[in-house]
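Me: Please take a close look at a single part of this model and describe it in formal terms.

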Amino acid sequence: MELSMAAEELKAVVNRLRRAQGQIAGVIRMIEEGRDCEDVVTQLAAASRALDRAGFAIIATGLQHCLTDTDLAEGEDREQLRARLEKLFLSLA
């Protein structure tokens, strides 16, 4: 299953991932500086949410683009494809 997304959708996902990357760098810096545990955990939770949202956006787009005749032509029936997409979705839960 290829990642096929419109440029605008892809830009939004990349922006979320860059935000998460910055937040993770911030968490590392905070730990190295000996910052307050509550602040570190709050920042880490924000990074985790940004990653989750990026993943959900990819899966939501995939649901629109993945259920195509191409996948079915490659020998996969709709139920197999649905099961694969469900597994991907649940991997983020």
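The reply below concerns one helix and its surroundings.

Reply: This is a predicted model, in which local features need pLDDT of at least 70 and side-chain atom pairs count only at pLDDT 80 or more, while totals for chains, interfaces and linings use all residues. Residues are numbered from 1 along each chain as its sequence is written, and side-chain values use heavy atoms, with hydrogens and water left out.

Helix H1 covers residues 7–32; helices here are DSSP runs of H or I with at least four residues, numbered from the N terminus. The 26 residues of H1 should span 38 Å at 1.5 Å a residue (1.5 Å times one less than the number of residues), and the 37 Å between its end C-alpha atoms agrees with this. After H1 comes Gly34, with a positive phi near 75°.

The buried residues of H1 are Val13, Ala20, Gln23, Gly26, Val27 and Met30. Gln23 counts as buried because its relative accessible area is 15%, buried being under 20%, exposed over 50% and partly exposed in between (1.4 Å probe, protein chains only). Beyond its neighbours within four places in sequence, Gln23 is in contact (heavy atoms within 4.5 Å) with Gln43, Ala46, Ala47 and Ala50.

Ile24 also belongs to H1, and is partly exposed because its relative accessibility is 34%. Together with Leu17, Ile28 and Leu51, Ile24 makes a nonpolar surface patch of about 310 Å². Such a patch joins nonpolar side chains (Val, Leu, Ile, Met, Phe, Trp, Tyr) within 5 Å, from residues with over 30% relative accessible area and no salt bridge, that is, no side-chain nitrogen of Lys or Arg within 4 Å of a carboxyl oxygen of Asp or Glu. H1 gives the most to this patch, with three residues.

How values were computed. Patch = residues over 30% accessible without salt bridge, like charges linked within 9 Å, V, L, I, M, F, W, Y side chains within 5 Å. Areas by Shrake-Rupley, 256 points an atom, 1.4 Å probe, with all protein chains shown as cover. Helix = DSSP H or I, 4+ residues; strand = E, 2+ residues; numbered from the N terminus.
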